[in-house]
Amino acid sequence: MSAMSKTQHVCKHVIETPGGVVASQHRLAAEAGAEVLRAGGDAVDAAVATSFTIGVLEPWMSGPAGGGAAVHWRADTGEAVAINFGMRSPKGLDVGDYPLSGDGKAGDLFPWERVVNDRNVQGATAIAVPGTVDGLGQAHARWGRMPWAELLAPAIAHAREGMLVDWYAALLIASVARNLAQDADAAALFLDDGIWPKGSGWTAIPDNRLDQGAMADTLDALAKGGARSFYSGDIAQALAGDVQAKGGCLSTEDLAGYRAWMGRAQPVPYRDAMFHVMPGLTAGPTFARVVEQLSDQDLSTPAQAYPAYAGALARAYAERLGKMGDTGEIPEAPGCTTHFSVVDRAGNMVAHTQTLLSIFGSRVVSPSTGLLMNNGIMWFDPEQGKPNSLAPNKSCLMNVCPIVGTQGTRSFALGASGGRKIVSAVSQLASFITDTGMDIGAAFHAPRIDVSSGTGVIADETLPPEVLSAIETVLPVQTTRRTVLPYAFACPAGVMRDGAINTGCTEIMSPWGDTALEETA
């Protein structure tokens with residue numbers, strides 16, 4: 001039985017505005033995007049500023065050395081464009097360097113067989129080719145209004161000051177302190193004396209900051225050189241050199257050859273609504289499979305809806321893990337996570353998910369650049385002979401699921417962080433909005449279930465007993481409280497436009513997540 005308070009009530013206030021809205025898992029990152037909107041920027045400009053800023057302020061979730069995907073909605077043309085900036089395995093990767101240990105399943109985000117010394121999970125051997133910067137660069141080149149350098153300025157300023165280590169940051173650092181201590185540069189950045197998690201006393205006002213000077217220098221060079229300067233020249237040489245010095249195989253050739261994929265988002269009709277999702281090696285096709293199964297279901301009551309969600313999600317996830325991977329036969333795409341959503345006053349939208357994969361990624365910091373590196377190699381199944389088996393120069397199968405939806409006068413952009421939990425959250429939020437007419441606030445405060453474990457359903461314990469009993473007719477149920485840590489459910493962020501009025505909301509239990517508004521006259 002949970003020891004959590006039964007009388008505490010947590011909610012987030014939703015404000016309606018004709019101006020733009022940025023919903024992000026860090027309030028200051030959302031504010032950086034909103035400031036861009038105030039300066040006359042497009043939703044894409046705001047997304048660039050938010051992305052780089054959140055990489056500084058929530059560095060264990062994402063950053064320039066990660067990957068992800070985004071769906072862009074252009075209000076004037078009704079065009080939905082997908083950008084896949086997922087990570088790839090290096091060309092020089094040797095599968096023989098990742099032998100199975102025979103010790104059972106790995107203990108991180110995926111049910112793969114464990115690799116000797118967790119070489120696919122932690123350390124330089126877990127690092128894949130990053131894609132985030134090129135994805136942002138391509139979006140900015142196509143739709144951006146403001147200069148690239150101006151959009152990186154907030155992130156540079158925050159890095160110069162150094163991220164404040166408050167109680168939440170200290171808690172997250174402490175959760176992996178043992179792992180961070182294994183890399184000298186990660187230990188220097190996140191730990192005191194290379195051992196103790198940074199933080200303040202439990203009753204003290206926080207004043208401890210990370211030394212992110214090296215990251216600030218890298219971002220400054222990137223602001224001056226443009227997005228492709230991340231993939232060639234000094235930054236690329238420094239990244240590749242640092243990773244190779246620590247035993248990884250990322251090369252300057254890998255970086256120079258990287259290109260994000262941009263193309264038409266996959267349209268997914270659903271009743272009287274239309275969703276636009278990521279095609280290819282993301283959770284977009286899994287989301288499409290979920291709503292396909294829901295389309296002929298009666299979801300008019302919670303006791304009918306939640307069992308339907310459980311069954312559809314369980315079947316779609318089983319298909320996903322058994323069949324999806326970069327086999328070279330997917331025509332629409334080549335080959336711990338954060339999400340933010342943006343809507344500007346013209347109705348343009350961005351649903352953007354970026355990640356390092358695990359919390360703190362590979363737990364390796366590149367000393368020359370100050371960047372925390374991804375562990376994208378963990379996205380591959382280390383067993384050979386499967387669609388998603390590990391191989392050199394291969395795209396990762398991502399869990400990200402950014403979507404844009406339209407229904408009548410309303411449009412919305414949604415996504416979440418949370419690994420395999422993401423598609424459960426996004427599918428339910430999309431249904432809450434389109435099947436029951438919930439606004440963004442009601443949808444985000446509604447209880448959810450998760451069906452990503454493969455063993456049953458994790459259900460919010462606030463669901464009524466009759467709903468829990470109905471779910472149990474489909475799959476075994478375990479109830480839990482919605483808390484700050486650990487997160488039993490994914491952490492979404494979304495925006496909505498109804499006519500000319502915009503709103504946004506983030507996961508109610510996220511202490512940092514918030515919306516920021518463009519000021520209106």
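At 25% relative accessibility, D185 sits in the 20 to 50% band and so counts as partly exposed. Its salt-bridge partner is K246, with N and O 2.7 Å apart. D185 belongs to helix α7 (residues 184-190) and K246 to the loop between α9 (234-245) and α10 (252-256), so this pair ties together parts that are 61 residues apart in sequence. K246 is partly exposed too, at 29% relative accessibility.

Keep in mind that this is a predicted model. The chain averages a pLDDT of 93, and 96% of the residues score at least 70. Residues 325-335 are the stretch to watch: pLDDT is below 50 there, though the model gives the stretch 26 contacts beyond near neighbours in sequence. Where pLDDT is low, don't read the predicted coordinates in detail.

Back to the charges: the structure holds 24 salt bridges. Here are a few of them.

| Salt bridge | N to O distance |
|---|---|
| R74 and D42 | 2.9 Å |
| D185 and K246 | 2.7 Å |
| E507 and R482 | 3.2 Å |

R74 is in strand β2 (residues 67-74) and D42 in the loop between α1 (27-38) and α2 (43-57), so the bridge ties together parts 32 residues apart in sequence. Both R74 and D42 are buried.

E507 and R482 are both buried as well. Their bridge links the loop between β21 (501-506) and β22 (514-517), home of E507, with the R482 loop between β19 (477-480) and β20 (491-498), 25 residues apart. Elsewhere, K6, E461 and R481 are joined into one network by salt bridges that share partners.

On the nonpolar side, W167, L171 and L485 make up a surface patch with about 300 Å² of accessible area together. W167 is part of helix α5 (residues 167-175) and, at 55% relative accessibility, counts as exposed.

Technical notes: Residues numbered from 1 in each chain as written. Predicted model: local features only at pLDDT ≥ 70, side-chain atom pairs only at ≥ 80, totals over all residues. Heavy atoms only, no water. Patch = residues over 30% accessible without salt bridge, like charges linked within 9 Å, V, L, I, M, F, W, Y side chains within 5 Å. Areas by Shrake-Rupley, 256 points an atom, 1.4 Å probe, with all protein chains shown as cover. Salt bridge = Lys/Arg side-chain N within 4 Å of Asp/Glu carboxyl O. Helix = DSSP H or I, 4+ residues; strand = E, 2+ residues; numbered from the N terminus. Buried < 20%, exposed > 50% of the residue type's maximum accessible area, 1.4 Å probe, protein only. pLDDT = per-residue confidence, 0-100. Contact = heavy atoms within 4.5 Å.
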